[in-house]
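Colleague: I am new to this one, so please show it to me. After that, let us go through it step by step, with each term explained as it comes up.

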Amino acid sequence: MKVSYNWLKRYIDLSYTPEELDYVLTMAGLEVDSMEYLGEGIEDIIIGEIEKIEEHPNADKLVICQLNTGDELLQIVTGAPNVVEGARVPVARTGVELPNGMKIKKTKLRGEPSNGMLCSTDELGLSQERASGIMILGEQAVPGEKLVKYLGLDDYVFDLDLTPNYARCLGMLGIARELKSLQEDVKVKRPEIKINNDNKEDIRDYVSIEVMDKELCPRYTGQIIKNVKIGPSPEWMQQNLKAAGIRPINNVVDITNYVLLEYNQPLHAFDFDTINEKKIIVRRARSGEKLITLDDQERQLNEEMLVIADTKEAVGLAGVMGGANSEVTEDTSTIFLESAYFNPVNIRKTAKKLGLPSEASHRFERGIDIEGVVEAGRRAAYLMQEYAGGEVVSGIIDIYPEPYQPLEIVLETDYVNNILGISLTAKDISQMLNKLGFLIKGENEGLVKVAVPSYRNDVEREADLIEELARVYGYNNIPVTVPESKQQGGKTSQQSLEDISRELMISAGLDEIINFSLQGKEDYELFRLPEDSRLREWVRIKNPLNESYALMRTSLLPGIVELLSNNAKRQIDRMAVFEIGNVFFRQVGEEPFQQELKLAGGSMGYPEDSWQSAAADFFYLKGVLESYFSRLGIDSFLFKPARQSFLHPGRTASIELDGGEIGYLGELLPAIITELDLKERTALFQLDLTAVIKAVNLDKKYSKLPKYPAVERDLAILVKNEINSGEILRLLKQEAGDILKKVEIFDLYEGDQIPEGLKSLAFKLLFQAEDRTLRDEEVNELFNKILKLLRDSFSAEIRGN
């Protein structure tokens, strides 16, 4: 919305300079995007009258002009071909700088002094094209007067960025009303409306109106203005329209646009002689109906759109744009003037459907003042009487079946003050809202009863009124305080576990990825799933884009494998990734599927393998999981040999927790690795986070640093090949006693010196007491206990005995 400072002053006495008004409007909620002085660069250009023209003695194409500039007579030499004595022209005196950067100096042209310059429109920045001569002004131009004042450019224009709840400020009177609330003892000046009553005719003898859809058109009014003479509108009106960014057309159209900007009330003028049977019908468009709008485009209408029609056809698209078949032309003599209220939602849908935004639809779809429809229409009729020579036929047809009933809201002063952090009395609230035009229906015991005026359709509840009070009080006047923190709720256990899991995986060197939840059957073909595999219990979506995105995933691993493969094909030698996400399984019942949260990861190209088994990725991920469980306070997990259809049969482990399987870890089958160009011994894991969350223990226990020395012993034993070293470690940690602080396996040997079916495992044991230095006898006693425990539990033998 562009707002002219000079135009605005017609409706309210402003105590602000343009610069001050910029700040005031913004603080009132009417954010100013920019402020422009229309006469920028030509402020010092004055008007001069050419009193005498003489030929230049030394140049055929130059003349010497004597100009009256009000307070002095200037001699200026020019080559302009259109200068004549008596012409009023723009003059740039010595020292003036033009918009193009040219600075005027005293000079001599072919020996004759020249004390200024006569200006053309392009030199003044008033036109883009090069002018053929200087600018000639009208006879009303006064010598010595500033050119900006004569052209109406001595004005500031504010470009307001209005949010939808400030739709009332899409009109000058609405902005004046807002400024009234911020100043003391000022009133909004209503525009002049003095319609001559000489005409004794009745409008109902000219036209009839029928509103067939009162839901889409709650109010419709019409007037007849006859004997109009189409021509240019007054200069002052054209200047105001140009300042607002609207191109002047003719007096009738300009008047409707002027009142639109004045009242925020779209109007439309029809050539009444084009209306069939002199009847206006407001109805929904018929199926397949077409209308050529004022932009000469044929519009295909539908039954959801509202049209203005006569008995034969549509003549306008209600609230959006008029029809070409009823357009006001030079030959128009009688006007049917429409002023109405249309349903905002319907207008928005119509304009959007047809791709036809307009100044009218912009306002109708945000809601206008249904009670102001008649006044705006009468204002336009008066202006047509004054500036188009029109004769207003007596009467106005007003179809308004359900008059506006003001919404009433009760405000509690304590509630208002609590929200805003200030201290207002009921009287203060009443005065502030009254300034904004709200009607105070009652005030007592800390309560204020407020009736909402018709132009404030953005106010629906207490909070809206409190916002108005804050604006009037001044946001900058509200003291800055730190609000009390009363945090409600928090993260669920699952959300906390996801955060912790993400942090631990990243700290272990894995990068997080996010894959699509939609997959296709082909993503699982390489996994060689058995027919009874749970991973085949897919949930199929009803409207897939294609078969590659037809299924909800049952595992995170296909996405991880595809990502590793794509990177391996691009010469990425090493990569470790993880994903946290839901998988979905088909089920019978009210819900068509079951959702489970999983954590999965993959590694390829890991370089370190302390066991020299070429299984670095497997052991890397195993270490990541062990560290993960440790950080979560879980010590009851166990890795056991297992099988998965897509993992290497000898290099796969199930992950158990409290006797139940919660996931698995293993290397991909060599055939899959080869087919997907993955790095050798690529490994994967997947965990059920729903099960993990039940065992999490994040309580931390701290102990003092040890004061007494530790004793280390090495232990090498022979056990059967099928015995898992993890089971041995688990047993020792649980049964060996408090002074055994640490157990680590540091060697695995299988060779010629080891009997068939056995393997050698070497452990490092660390013994330490918190209250004393251990004696050899104590350590030996515990060491022997450990040996017995291993013999009884695993038939272990001390290597070398």
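Modeller: First a term: a residue is buried when its relative accessible area is under 20%, exposed when over 50% and partly exposed in between, using a 1.4 Å probe and protein chains only. The model is predicted, with pLDDT of at least 70 needed for local features and 80 or more for side-chain atom pairs, while totals for chains, interfaces and linings use all residues. Residues are numbered from 1 along each chain as its sequence is written, and side-chain values use heavy atoms, without hydrogens and water.

Colleague: Let me try that term at once: are F637 and F639 buried or exposed?

Modeller: Their rings make a good start, with centres 5.9 Å apart and planes at 80 degrees. Aromatic rings of Phe, Tyr and Trp (its six-membered ring) pair if their centres lie within 6.5 Å, and planes under 30 degrees apart are stacked, over 60 edge-to-face and the rest tilted. The angle is therefore that of an edge-to-face pair. As for the cut-off, F637 and F639 are both buried.

Colleague: Which residue stands opposite F637 in strand 33?

Modeller: Strands (E, at least two residues) and helices (H or I, at least four) are DSSP runs, numbered from the N terminus, and two strands pair if DSSP finds at least two bridges between them. Strand 32 (residues 637–641) and strand 33 (residues 647–657) are antiparallel and share 5 bridges, with a hairpin of 5 residues joining them. Across from F637 in strand 33 is L657.

Colleague: How many aromatic pairs are there, and what kind do Y524 and F527 form?

Modeller: The whole structure holds 18 aromatic pairs. For Y524 and F527, the centres are 6.4 Å apart and the planes make 55 degrees. Y524 is buried because its relative accessibility is 3%, and F527 is buried as well, at 3%. Their pair is tilted.

Colleague: Which residues do ring pairs link into a cluster with Y524 and F527?

Modeller: A pair of rings is described by centre distance and plane angle. Following such pairs from Y524 and F527, the cluster also takes in W538, F646 and Y664.

Colleague: How far is the charged end of R177 from the ring centre of Y455?

Modeller: A charge sits over a ring if NZ of Lys or CZ of Arg is within 6 Å of the ring centre and within 35 degrees of the ring normal. K764 does this over F746, at 5.3 Å from the centre. R177 sits over Y455, and its distance from the centre is 3.6 Å.

Colleague: What is the strand order of the open sheet that has strand 5 and strand 9 at its edges?

Modeller: Its 5 strands pair in the antiparallel sense. Strand 5 (73–78) and strand 9 (116–118) pair on one side only. Strand 4 (residues 63–68) is joined to strand 5 by 6 bridges, and C65 faces I76 there. The order is 5-4-3-6-9.

Colleague: In the mixed sheet, which strands stand at the edges?

Modeller: This open sheet has 5 strands in the order 11-14-17-18-19. Within it, 3 bridges join strand 17 (residues 306–309) to the antiparallel strand 18 (residues 314–317), where A309 stands opposite A314. Two strands have a single partner each, so one side of each lacks a neighbour in the sheet: strand 11 (208–211) and strand 19.

Colleague: Which backbone oxygen does the side chain of S326 reach?

Modeller: S326 lies in the loop between strand 19 (321–322) and strand 20 (335–341), and it is buried because its relative accessible area is 0%. A polar contact is a pair of N or O atoms within 3.5 Å; within protein, one must be able to donate a hydrogen and the other to accept it, and residues adjacent in sequence count only if both atoms are side-chain atoms. At 2.9 Å, the side chain of S326 reaches the backbone oxygen of V315.

Colleague: Last one: what span should helix 16 have?

Modeller: Helix 16 covers residues 616–631, and its buried residues include F618, L621 and Y628. After the helix comes G633, with a positive phi near 75 degrees. The expected span is 1.5 Å times one less than the number of residues. With 16 residues, and end C-alpha atoms 22 Å apart in agreement, that span is 22 Å.
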